[in-house]
Amino acid sequence: SDTTWKVGADWAVTDWLRFRGTWGTSFRAPALFELFLQDQTGFLGQQAIDPCIQTAARLASGAISQRIFDNCAADGIGPNFAGGFGPAVIASGGGIGQLKPETSNAGTVSGILTPDLSRALWGGFKTRLAVDYFDIEVKDEITLLGAGNILRGCYDSDVADEPLCGLFTRTAAGPDAQSVAAVTDRYVNISRQRNRGVDLSLAIDQDLGKLGSLAFRAQMTWQVKDKVSLFPGTDVDDNGKIGNPKWVGDFNLGWMKDGWTLFYGLDVTGAASNEEDLLRAQGGDACRTSSFRPGGRFCPDVSVPATFYHSLSLSRDVAERFRITLGVANLFDTPPPRVSTVVAATPPVIGQAPAFGTQYDYLGRRFFLSVRGSL
């Protein structure tokens, strides 16, 4: 149980201008899945999770801090440790008995314009424009830390008995001695996440008389901040990175007449780049030495352009109770953008792979038919 509150204000300045704002709190109890997920296992390569691999070279390039270097050495791992060959076992599960609810603060400020333009333009023209600023902060967010964050949090801590260090084990002997053997990654409450941005919504309706009517809708979001702190003092800003673009937009245009609706949609995912992460990991140099590339240098491409997805459909209302729709999604079969990838092999395989992000379409062009109605 918890107590939450919310206050709001709404001010109609004129019949075409309105301001509104809200401020309040909320909470979310852990879901059943997050509490009772039975233990399950997966595997990750050593290079993906272990910050103690090649610490001398990585310290010189700026990829790790002096604290990580010192803590790895204190754990008995040499500065030239190359990592093991076998993958680490990652065990994840629910956090029953440990999880507490998420809490949040949220504020919004909005301006709404509904001007009457019917006299200035062709009769029947209606428009509505809303601009919303939002600021949301979530505390004790429930999530899986991830094996890499667990190890890095352990070795980058100045606490003598860092709890994260008890969540993984290393192999004691054999050819994979000192490599990560297993990591326990259960649902936990992280420090906090903060998101700020601006939403813009535009609606335009036009009566065409005997020719029917047109409806245009546009929704856009400019993300200003998206910071996550797994632990106090460990802010990570993902704004503008692949999978988290600073701008997205949806644009829809519909023509309606005598029960028919012709719809066109355009979804736009803005450009994004992981170049800052690459520069940080490689000590300020976006390229790396490679004996398998011309000139002995390989410069990964970790930026993606804006991506456009088009859709088209035709609907028919039947007897005011059913609607039949035939359409095509991803009209031009637009693939997701591609970024550089390196596959560990001898020699390494260097190529490109689709960028990962929930905004991208991995299915390609597809046709659909739907029937909706009520009895």
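## A friendly tour of a predicted model

Strands β13 and β14 are antiparallel partners, held in register by 10 bridges. This is a predicted model, and this pair of strands is a good place to begin looking around it.

**The hairpin and its neighbours**

β13 and β14 make a hairpin with 2 residues between them, and D258 in the turn has a positive phi of about 50 degrees. Along the pair, D250 has D267 in β14 as its bridge partner. β13 also pairs with strand β11 (residues 213-229), again in the antiparallel sense, over 10 bridges. Here S213 is found opposite M256 in β13.

Which residues form a nonpolar patch on the surface? They are L214, L253, W255, W260, L262, Y264, L312 and L314, and together they have about 650 Å² of accessible area. Two or more residues of the patch come from each of β13 (247-257), β14 (260-269) and β19 (307-318). The largest share belongs to β14, with 3 residues. One member to look up is L314, which sits in strand β19. Its relative accessibility is 39%, so L314 counts as partly exposed.

**Another set of paired strands**

Turn now to β5, which has partners of its own. Strand β2 (residues 17-28) and strand β5 (residues 102-113) run antiparallel and share 12 bridges. Within this pairing, G24 is matched with A106 in β5. β5 is also joined to strand β6 (residues 126-139) by 11 bridges, and these two strands run antiparallel as well. To find this contact, look for L113, which faces L129 in β6.

**The largest nonpolar core**

In soluble globular proteins, nonpolar side chains tend to be buried together. The largest nonpolar core in this model has 23 residues, and those that touch the most other members are I49, I90, L145, Y155, F168, V180 and V183. At least two residues of this core come from each of α4, β4 (88-93), α5 and β9 (180-189). Which element gives the most to this core? That is α5, with 5 residues.

**Two disulfides**

The model has 2 disulfides. In one of them, C52 is joined to C72, with an S to S distance of 1.9 Å. This link is left-handed, with -80 degrees about the S-S bond. Because C52 lies in the loop between α2 (46-49) and α3 (55-61) while C72 belongs to helix α4 (residues 66-74), the pair ties together parts that are 20 residues apart in sequence. Are these cysteines buried or exposed? C52 has a relative accessibility of 0% and therefore counts as buried; C72, at 0% relative accessibility, counts as buried too.

The other disulfide is formed by C154 and C165, whose sulfur atoms are 2.0 Å apart. With 100 degrees about the S-S bond, the link of C154 and C165 is right-handed. C154 is in helix α5 (residues 147-155) and C165 is in the loop between α5 and β8 (168-170), so this disulfide ties together parts 11 residues apart in sequence. C154 counts as buried because its relative accessibility is 6%, whereas C165 is partly exposed, with a relative accessible area of 30%.

**Salt bridges**

How many salt bridges are there? The count comes to 15. The table shows some of them, with the separation of the closest N and O atoms.

| Pair | Closest N and O atoms |
|---|---|
| R28 and E34 | 3.2 Å |
| K100 and D140 | 3.8 Å |
| K241 and D238 | 3.4 Å |

K100 forms a salt bridge with D140, and this pair links distant parts of the chain, 40 residues apart: K100 is in the loop between β4 and β5, and D140 is in the loop between β6 and β7 (142-144). K100 is partly exposed, with a relative accessible area of 44%, and D140 is partly exposed at 22%.

In the pair of K241 and D238, K241 counts as buried at 13% relative accessibility, while D238 is partly exposed, with a relative accessible area of 24%. Elsewhere, salt bridges that share partners bring R28, E34 and E102 into one network. Of these residues, R28 is partly exposed at 31% relative accessibility, and E34 is buried, with a relative accessible area of 11%.

Methods:
Residues are numbered from 1 along each chain as its sequence is written. This is a predicted model: local features need pLDDT of at least 70, side-chain atom pairs count only at pLDDT 80 or more; totals for chains, interfaces and linings use all residues. Side-chain values use heavy atoms; hydrogens and water are left out. Patches are made of residues with over 30% relative accessible area and no salt bridge: like charges are joined within 9 Å, nonpolar side chains (Val, Leu, Ile, Met, Phe, Trp, Tyr) within 5 Å. Accessible areas come from the Shrake-Rupley method with a 1.4 Å probe; for residues, only the protein chains shown count as cover. A salt bridge is a side-chain nitrogen of Lys or Arg within 4 Å of a carboxyl oxygen of Asp or Glu. Helices (H or I, at least four residues) and strands (E, at least two) are DSSP runs, numbered from the N terminus. Buried means under 20% relative accessible area, exposed over 50%, partly exposed in between (1.4 Å probe, protein chains only). A disulfide is a pair of cysteine sulfur atoms within 2.5 Å. Two strands pair if DSSP finds at least two bridges between them. A nonpolar core is a set of buried Ala, Val, Leu, Ile, Met, Phe, Trp, Tyr and Cys residues joined through side-chain atoms within 4.5 Å.
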